[in-house]
Amino acid sequence: MSITRRNLIKTSAIVGAGALAAPYHFIRPAAANGTVDVGVLFSLTGGLSIIEKSLSDVTRMAIEEINAEGGVNGMMINPIVEDGASDPKTYNEKASKLVIRDRVPTVFGSYTSASRKAVLPVFEKRRNLYFYPTYYEGFECSKNVVYTGAVPNQQLSNFIPWIIENLGKKKFFIVGSNYIYPREMAKVCKILIEQNGAEWVADEYLELGHSEWGAMVQKIKDSGCDVVLSNVVGDSVVAFYREFINQGLDHDTLPICATVTSEIEIQAMGPEFAAGSFTSFPYFQAIDRPENHAFIERYRKFVNDPKAVTHHALESSYFQVYLWKQALEKAGEATPEAIREGVKGQEFDAPGGHVKVDGENLHTYLTPRIAQWGADGQGTIVDAYPEPVMPLPYVAYGETPDNLYCTAKGLDTSKL
């Protein structure tokens, strides 16, 4: 385990909480015209737009809801929407524009870890504030980011043991897109697979957006694996699942267990290609709560699509705006530093259930769930924690609730 941790340390980009000391850019006086500007930065074009446009839509929906109720401390929220264009370089440019030229105190945005890494220097240097809604690989500790998606202990720590114990699978083929999230998640998967007495027979990647999966599926067939752990992202998910079934594989005997595949990718591929497979997320559209049913109905009305689906990153994109609202109400002023302090410990009854921002690491308590996909494109929840789980972004290094590595003082590197 110690060797594995060293390998993780070498390849992980760790953001020290106090690494950069430059002051944040002067923020536009928020109440001068009765509004507070915020940035909304997702990909509206390119290969990731299939999912990121939905995150932009639901962020604007939350803002409209809040404005309809009177805004925040009497101020209307003014969203400045930008297109990351599925390109990290564009993401960096648009983040700089929002922070430096538009002088917003907060930006909501990003779906991939690649785009989050691309914008991080902007927010670290200016001490601005970024709300990131997507599940991710962990290994970050920043005072300038509020993370509202799942980290590995909320997505994998339950999933890998469940696969082994409940599906009886022992030989994992790990497959992913070739960038930071799938590669870092694979490292966590390998640790958990070995800790639980199973083995991984292969660890393979194709470029993000790749659509030719024939050779990779043949590798899976030839590998002798009995389960596929998929960290494939974006449009590639659709091509991968279709090729998997078209080559005669069957989720009943060789299931795909995914950390990314959600309702929106399944809708795009056709539910028949995913039926019988599994995903681990804190949120599924099938969660049977009145709050969730009402949320789905409002979202469909907002995007004028009666068949639109909701999913984990979409739900996080929605409730993080409300966490920000509550933080601003508590802070009383729209500066990044005031909102940062105000968001610590904020709680909210989200569509999927109760959530809470950890006051130490600015990640979010979420409820781990596992679902099996049906022919209707919806997940049947087959396992769930009874309550939200504390976020531990350094769990692969041995972080526990009683021994935190990332705190409000910053990252304790002596523990890595």
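## Cys189: a buried free cysteine

Cys189 has a relative accessible area of 0%, so this residue is buried. In this predicted model, the cysteine sulfur closest to that of Cys189 belongs to Cys257, at 10 Å. A disulfide requires two cysteine sulfur atoms within 2.5 Å. The distance from Cys189 to Cys257 is therefore too far for a bond.

## Cys225: also without a disulfide

Cys225 takes part in no disulfide. The nearest cysteine sulfur is again that of Cys257, which lies 11 Å away. With a relative accessible area of 12%, Cys225 is buried; the reason is that buried residues are those under 20%.

## The disulfide of Cys141 and Cys406

How many disulfides does the model contain? The count comes to one disulfide. The bond joins Cys141 to Cys406, with a distance of 2.1 Å from S to S. The link between Cys141 and Cys406 is right-handed, with 85° about the S-S bond.

This pair connects distant parts of the chain, as Cys141 and Cys406 are 265 residues apart. Cys141 is located in the loop between strand S4 (129-132) and strand S5 (145-147), whereas Cys406 belongs to strand S16 (residues 406-407).

## Surroundings of the bonded pair

Are the two bonded cysteines buried or exposed? Cys141 counts as buried, because its relative accessibility is 1%. Cys406 is buried as well, with a relative accessible area of 1%.

Terms used. Residues are numbered from 1 along each chain as its sequence is written. This is a predicted model: local features need pLDDT of at least 70, side-chain atom pairs count only at pLDDT 80 or more; totals for chains, interfaces and linings use all residues. Side-chain values use heavy atoms; hydrogens and water are left out. Helices (H or I, at least four residues) and strands (E, at least two) are DSSP runs, numbered from the N terminus. Buried means under 20% relative accessible area, exposed over 50%, partly exposed in between (1.4 Å probe, protein chains only).
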